[in-house]
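This note is written for a reader who is beginning to study protein models. Please keep the sequence and the structure in view while reading the numbered points.

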Amino acid sequence: MPAVFVHGVPETGALWNGVRAHLREGTESVALGLPGFGTARPAGFEATKDAYAAWLAGRLRGFDGPVDVVGHDWGSGIVLRAVTALDVRVRSWAVDVGAVFHADYTWHEMGRVWQTPGRGEEWMTDLVAGRMSGPFSLGGLLRSAGAPDDDAAAMEAGQDATMCGCILDLYRSAQPNAYADWGPELSRPAPAPGLVLQPTADGFDASAASSEVAALLGARTAELEGLGHWWMLQDPAAAAAELRSFWATLNS
């Protein structure tokens with residue numbers, strides 16, 4: 001039973017290298033690269049939340065049999081949309097930042113900048129041109145949110161005009177939030193067993209709202225004590241162990 005990992009923003013599939021290394025013995029896995037995120041942006045690809053969800057659904061249908069799919073950050077929303085609305089065969093799903101998909105969610109400050117025409121383009125132009133520095137650079141912002149130093153530097157170095165354009169299009173497709181369009185499917189039990197991970201130090205999440213989303217979807221929750229938004233980078237062994245524990249319940 002393969003495990004399929006989906007990254008978020010501003011990341012690539014390399015995000016999951018540590019977790020996949022800990023799962024290597026006994027678990028086949030693949031980390032998908034979202035179009036435009038360290039990969040080419042196909043001609044005509046709109047890079048909206050629905051376009052990414054449709055893309056993921058197509059990839060999941062390409063596997064022989066059901067899979068265990070895991071999403072992080074925007075990858076969580078893309079996973080949730082695929083498994084709740086797009087007729088894919090999965091054995092299970094696991095996501096984080098459940099609060100982001102709550103009806104009352106308000107985007108974080110950086111997200112609101114990216115959603116603003118003009119301001120978002122200016123921010124991304126400065127990023128690609130290297131005009132940001134210190135705590136206000138992307139690397140500084142990532143570190144302040146808990147990303148380990150080396151990983152924050154790698155994510156910052158990986159930004160290019162293609163990824164920046166995709167980020168703007170993705171965020172602008174989710175106003176006022178993802179629930180506004182996806183609410184009906186996020187308000188009823190998902191067709192496959194699910195897990196909503198709750199890193200206790202994730203400043204982009206909120207446990208009460210996350211738990212409400214999990215309850216609506218009929219999913220269980222699991223806290224990752226002391227870990228933040230980049231829990232899979234901070235402690236890949238603990239992340240892999242939590243996923244293994246969840247998957248083991250599916251066979252009992």
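1. In which loop is the place of Thr27? The model discussed here is a predicted one, and in it Thr27 lies in the loop between helix H1 (17-23) and strand S2 (29-32). Thr27 counts as buried because its relative accessibility is 12%, and the cut-off for buried is under 20%.

2. The surroundings of Thr27 deserve a second look. Apart from neighbours within four places in sequence, Thr27 is in contact with Ala3, Arg244 and Trp247. With one of these residues, Arg244, the side chain of Thr27 also makes a polar contact of 3.2 Å.

3. The next point concerns strand S4. This strand covers residues 90-95, and 6 of its 6 residues are buried, so S4 is largely enclosed by the rest of the structure. Strand S3 (residues 67-71) runs parallel to S4 and is joined to S4 by 4 bridges. In this pairing, Val67 stands opposite Val90 of S4.

4. S4 also pairs with strand S5 (residues 194-199); the two strands run parallel and are joined by 3 bridges. Here Val95 has Val196 in S5 as its bridge partner. A student tracing the chain may also note that S3, helix H3 (residues 74-85) and S4 make a β-α-β unit, which is right-handed.

5. Helix H3 leads on to the charged side chains. Side chains of opposite charge can pair when their charged atoms come close. The structure holds 10 salt bridges. In one of them, Arg81 pairs with Glu185, and the closest N and O atoms are 2.8 Å apart. This pair links distant parts of the chain, since Arg81 belongs to helix H3 and Glu185 to helix H9 (residues 179-186), with the two residues 104 residues apart. Both Arg81 and Glu185 are buried.

6. Which residues are linked with Arg81 and Glu185 in a network of salt bridges? The network consists of Lys49, Asp50, Arg81, Asp181, Glu185 and Arg188. Within this network, the side chains of Lys49 and Asp50 meet in a salt bridge with an N to O distance of 3.7 Å. The exposure of these two residues should be stated separately: Lys49 counts as buried because its relative accessibility is 1%, whereas Asp50, with a relative accessible area of 34%, is partly exposed.

7. A further salt bridge is formed by the side chains of Arg143 and Asp149, at 3.4 Å from N to O. Arg143 is partly exposed, because its relative accessible area is 33%.

8. The final point concerns the cysteines. A disulfide is a covalent bond between the sulfur atoms of two cysteines. How many disulfides does the structure hold? The number is 0. Cys164 takes part in no disulfide, and the nearest cysteine sulfur, in Cys166, lies 9.4 Å away. Why is there no bond from Cys166 to Cys164? The sulfur of Cys164 is the closest cysteine sulfur to that of Cys166, but the separation of 9.4 Å is too far for a bond, because a disulfide requires the two sulfur atoms to be within 2.5 Å. Cys164 counts as buried because its relative accessibility is 3%, and Cys166 counts as buried because its relative accessibility is 0%.

Methods: Residues numbered from 1 in each chain as written. Predicted model: local features only at pLDDT ≥ 70, side-chain atom pairs only at ≥ 80, totals over all residues. Heavy atoms only, no water. Buried < 20%, exposed > 50% of the residue type's maximum accessible area, 1.4 Å probe, protein only. Pairing = 2+ DSSP bridges. Right-handed = clockwise from strand over helix to strand, strands pointing away. Polar contact = N/O pair within 3.5 Å; in protein donor to acceptor, adjacent residues only side chain to side chain. Contact = heavy atoms within 4.5 Å. Salt bridge = Lys/Arg side-chain N within 4 Å of Asp/Glu carboxyl O.
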